[in-house]
Amino acid sequence: MELLLTNIPNDYLFKNKYLDENSGEIETLILGSSHTYYGVDPQFMNHKAFNSAAISQSLDYDYEILKKYESRLKKLKYIIIPVDYFSLFSKLETGIESWRIKNYIIYYHINTGNNYNRSNHFELFNGKISDNIERIKEYYIHHKVKNITCNKYGSGVIYSSTKKKDLVETGKSAAKRHTQNIHDNLYFKENTKILKNIVQLANSKNAKVIFITCPANKTYVENLNAAQLYATINFINRLVKSSPNASYYNFLTDKSFNDDDFYDADHLNKIGAKKLSLKIDNLLNEK
């Protein structure tokens, strides 16, 4: 059953396979969480780009993916990393999406080394037996593929413009979920060190790091903690100032994005993703 389950197509299996086979051709690698997974689509970019972001993917996993493919990224020119409101103050392994750790261990064959939960090494130990049996039947008998939610460029495509969540409600709930106690935070020091390491890795490959803060609806922005937001922007500005191969672009309150561009208060839909992707592509073409 484990063998059958791990061979059912999913985003992580697809992205690992793509990077295994095509790393040598990638010029722009997009990393990060759901903000870039849904918000940056390589099909609207001129450079050969691939989106290796994922829902709740924290900076430590961005770095692990980079390290795994470092020697194979022969043509790498740009690394796009989102530094959003929550980025410096959280990690996948302690969040509500920690179950996703198993996807990196099973499909990417990478582990940050901080998680020893045996269930994270097996699909079979995640979910009910009956659910896993149903997944096997759906794929192998009925030939239904449900776990691929990205396009061939790795970008998430299920947040269409025809479906939208309540922007006021999701603005409040997402901001509350992303707000941390910055005075007693365990991860700020670790995450800032990771960003410095990513800049150094890029420099060793003569590549540039493009840090972005993704657009968000005003209903999200108005509920953010000012001190946490300042700490994030202040750090990234200081890092860029001391790193010739790094740039930072803050799209958080970019007025060119309106309500029609958002799926919920902090995620772009397909229309918004095209708009952000074109903006980033223009920035890269100017460099």
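This is a guided tour of a predicted model, going from its sheet to its cores and then to its open and enclosed spaces.

**The sheet**

Begin by selecting the five strands of the open sheet, which follow one another in the order S2-S1-S3-S4-S5 and pair in the parallel sense. Look next at the two edges, where strand S2 (49–51) and strand S5 (246–250) each have a single partner strand, so that one side of each is left without a neighbour in the sheet. If you look from strand to strand, neighbouring strands of this sheet are turned against each other by 15° on average, direction ignored.

Now keep strand S4 (residues 208–213) and S5 in view, since these two pair in the parallel sense over five bridges. To find one of the pairings, select valine 209, whose bridge partner in S5 is alanine 246.

**The helix across the strands**

Add helix H8 (residues 188–204), which lies across strand S3 (78–82), S4 and S5, and which runs at about 145° to S4.

**The nonpolar cores**

From here, select Ile81, Tyr104, Leu195 and Phe211, the residues that touch the most other members of the largest nonpolar core, a set of 45 residues. Among the elements that give two or more residues to this core are helix H2 (11–22), helix H4 (59–69), helix H5 (101–108) and helix H10 (226–241), and S3, H8, S4 and S5 do so as well.

Which residues does leucine 195 touch, not counting those up to four places away in sequence? Centre the view on leucine 195 and you will find Leu59, Ile81, Val83, Leu88, Phe211, Phe235, Ile236 and Leu239 in contact with it. Apart from this core lies another, of 18 residues, and you can locate it by selecting Met45, Leu167, Leu276 and Leu283, which are among its members.

**The largest pocket**

Move on to the largest pocket, which holds about 860 Å³ of space. Its lining is made up of 39 residues, and selecting Ser56, Ile96, Glu97, Arg177 and His178 will bring you to those that lie nearest its centre. Helix H3 (34–39), H4 and helix H7 (167–178) each supply at least two residues of this lining, and H7 gives the most, with six residues.

**The enclosed cavity**

End with the largest cavity, which has a volume of about 40 Å³. To see what surrounds this cavity, select His35, Asp84, Tyr85, Thr213, Cys214, Pro215, Ala216, Tyr220, Leu252 and Asp266, the residues that line it.

Technical notes. Residues are numbered from 1 along each chain as its sequence is written. This is a predicted model: local features need pLDDT of at least 70, side-chain atom pairs count only at pLDDT 80 or more; totals for chains, interfaces and linings use all residues. Side-chain values use heavy atoms; hydrogens and water are left out. Two strands pair if DSSP finds at least two bridges between them. Helices (H or I, at least four residues) and strands (E, at least two) are DSSP runs, numbered from the N terminus. Axes are lines fitted to C-alpha atoms, for helices over the stretch in contact, and angles run from 0 to 180 degrees between N-to-C directions. Contact means heavy atoms within 4.5 Å. A nonpolar core is a set of buried Ala, Val, Leu, Ile, Met, Phe, Trp, Tyr and Cys residues joined through side-chain atoms within 4.5 Å. Buried means under 20% relative accessible area, exposed over 50%, partly exposed in between (1.4 Å probe, protein chains only). On a 1 Å grid over the protein atoms alone, a cavity is a set of points where a 1.4 Å probe fits but cannot get out, and a pocket is an open set with protein on both sides within 12 Å along at least five of seven lines; lining residues have an atom within 4 Å of a point. Grid points are joined across faces, edges and corners, and a volume is the space filled by probe spheres set on the points.
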